[in-house]
Amino acid sequence: MGKSDSRKDLVAAFKGRRITGGVCSITNEVTGQVLLLSGVDLRRFENRFSFAQATGSCVIPRLEHDWARHGAGAFTF
């Protein structure tokens, strides 16, 4: 199997993956505030949130102020 075959298989797998859209929320456990998000790929939102928590950097602009004040651990997906 050549390099291009591997790439084709990866592209096909990516295009064939199951995408689940809908509504999700991120909750500030300190203040009780909830940010509702909607989209066509909820797994992408969850991965983005997990990355933000792991790195301690806020990648969601609407949360920046509270994120800096309360820290990444104050939020749940």
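## The sheet

In this predicted model, three strands form an open sheet in the order S2-S1-S3, and their pairing is antiparallel. Strands S2 (34-39) and S3 (75-76) stand at the edges with a single partner strand each, so one side of each has no neighbour in the sheet.

Strand S1, residues 22-28, runs antiparallel to S2 and is joined to it by 6 bridges. Among the bridged pairs, Ile26 of S1 has Leu35 as its partner in S2, and Gly22 is partnered by Gly39 of S2. The two strands form a hairpin in which 5 residues lie between S1 and S2. Within this turn, Gly32 has a positive phi of about 85°.

## Helix H2 on the sheet

Helix H2, spanning residues 42-55, packs on the sheet and touches S1, S2 and S3. The direction of H2 makes an angle of about 20° with that of S1. With 14 residues, H2 reaches 20 Å from its first C-alpha to its last, which is close to the 20 Å expected at 1.5 Å a residue. The residue that follows H2 is Gly56, and its phi is positive, near 75°.

## Two sides of H2

Which residues of H2 are buried? They are Leu42, Phe45, Phe49 and Ala52. These residues cover an arc of only 85° around the axis, which places them on the same side of H2. An α-helix has 3.6 residues a turn, so residues three or four places apart point the same way. The cover over the buried residues of H2 includes S1, S2, S3 and helix H3 (64-70).

Arg43, Arg44 and Ala54 are exposed on the other side of H2. Ser50 also has its place in helix H2. Its relative accessibility is 39%, and because buried means under 20% and exposed over 50%, Ser50 counts as partly exposed. The C-alpha atom of Ser50 is separated by 16 Å from that of Leu35, a residue 15 positions away along the chain.

## Helix H3

His65 lies in helix H3. Is His65 buried or exposed? At 60% relative accessibility, His65 counts as exposed. Between the C-alpha atoms of His65 and Ala52 there is a separation of 14 Å, and the two residues are 13 positions apart along the chain. Ala52 belongs to the buried residues of H2, and H3 is among the elements that cover those residues.

## The chain as a whole

The secondary structure comprises 3 helices and 3 strands. Along the sequence, these elements follow the pattern α-β-β-α-α-β. The chain has a radius of gyration of 17 Å, whereas the globule rule gives 11 Å for 77 residues; the value is well over that figure, so the chain is more spread out than a compact globule.

Taken along the principal axes, the box filled by the C-alpha atoms is roughly 55 × 25 × 15 Å. Of the 77 residues, 23% count as buried. Among contacts in the chain with a separation of 6 or more, 39% are between residues 24 or more positions apart.

Note on methods. Residues numbered from 1 in each chain as written. Predicted model: local features only at pLDDT ≥ 70, side-chain atom pairs only at ≥ 80, totals over all residues. Heavy atoms only, no water. Pairing = 2+ DSSP bridges. Helix = DSSP H or I, 4+ residues; strand = E, 2+ residues; numbered from the N terminus. Contact = heavy atoms within 4.5 Å. Axes fitted to C-alpha atoms, helices over the stretch in contact; angles between N-to-C directions. Expected span 1.5 Å × (residues − 1). Buried < 20%, exposed > 50% of the residue type's maximum accessible area, 1.4 Å probe, protein only. Arc of directions from axis to C-beta. Rg over C-alpha atoms; globule rule 2.2 N^0.38 Å.
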